[in-house]
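User: Could you take a close look at one part of this model for me? I'd like a connected walk-through rather than a list.

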Amino acid sequence: MKMYVKFDFNALCKKVLDEKLKEQGLKYRLLNFGEVEFYESFTKEQHKIFKKNLEDYGIEIIESQKTALVQKIKDAIVELVFSDEIIPVKASIYIAEKLNHSYGYLSNLFSEVAFTSIENFIIIQKIEYAKELIINNKQSLTEIAHKLNYSSVAHLSTQFKNTTGITPSQFQKIVTKRREAQNMFINTEMQYE
């Protein structure tokens with residue numbers, strides 16, 4: 001049996017962060033986009049333990065303001081791309097308004113720290129979401145293109161192929177063949193039980 005689940009990474013990380021902070025008895029409040037405000041200082045040892053506890057979950061403490069802002073940009077992009085509703089503004093406007101900085105500044109900073117452009121990061125996130133939607137097999141390519149704010153299926157296909165090396169249709173065929181093979185395997189196993 002197989003089950004598909006959808007993750008809300010921000011909610012998941014926020015919950016882990018909240019639990020780990022409570023475990024250490026620290027007085028704090030969680031702010032937007034992975035920011036924590038502490039009401040009292042804590043020792044280097046507490047910081048070290050807390051950092052290690054978070055690393056076990058793939059969460060890291062960001063030490064520099066530039067890196068923190070780049071992470072906020074990434075979080076805003078993921079929120080924008082993976083949103084269940086279509087956001088009717090350009091990504092550049094959405095990000096600039098969300099982070100209260102000019103897009104030019106954010107774009108330059110992102111390129112400097114992440115070694116890629118915001119536009120490229122958006123494309124990568126859109127293609128990852130397209131793959132997830134194709135795997136879930138509940139929407140057509142036309143619906144997926146519309147959901148991801150592409151002008152056409154052809155535009156989605158071009159970016160998908162440039163990013164993955166195959167078209168969305170080829171990806172669908174691979175997913176279908178794997179499902180069929182898995183179902184055959186399961187059916188064969190059931191016959192021998």
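User: Where is the place of asparagine 100?

Analyst: Asparagine 100 sits in the loop between H4 and helix H5 (103-114). Helices here are DSSP runs of H or I with at least four residues, strands are runs of E with at least two, and both are numbered from the N terminus. Before going further, a word on the ground rules: this is a predicted model, where local features need pLDDT of at least 70 and side-chain atom pairs count only at pLDDT 80 or more, while totals for chains, interfaces and linings use all residues. Residues are numbered from 1 along each chain as its sequence is written, and side-chain values use heavy atoms, with hydrogens and water left out.

Back to the loop. Phi of asparagine 100 is near 60 degrees, a positive value in a residue other than glycine. That's worth a glance because most residues other than glycine have a negative phi. Asparagine 100 is also exposed, with a relative accessible area of 67%; exposed means over 50%, buried under 20%, and partly exposed in between (1.4 Å probe, protein chains only).

There's another asparagine to set beside it. Asparagine 149 has a positive phi too, about 65 degrees, and is found in the loop between helix H7 (141-147) and helix H8 (153-164). At 52% relative accessibility, asparagine 149 counts as exposed.

Now for H4 itself, and a salt bridge (a side-chain nitrogen of Lys or Arg within 4 Å of a carboxyl oxygen of Asp or Glu). Lysine 98 pairs this way with glutamate 79, their closest N and O atoms being 2.8 Å apart. The pair links distant parts of the chain: glutamate 79 belongs to helix H3 (residues 65-81) and lysine 98 to helix H4 (residues 91-99), 19 residues apart. Both ends are partly exposed, glutamate 79 at a relative accessible area of 29% and lysine 98 at 37%.

By this rule the model's count comes to 8 salt bridges. Among them is the one between glutamate 37 and arginine 29, with N to O at 2.6 Å. Glutamate 37 is partly exposed at 32% relative accessibility, and arginine 29 is partly exposed at 41%. Lysine 52 and aspartate 56 form one as well, with the closest N and O atoms 2.8 Å apart. Here lysine 52 counts as partly exposed at 46% relative accessibility, whereas aspartate 56, at 53%, counts as exposed. As for the chemistry, side chains of opposite charge can pair when their charged atoms come close.
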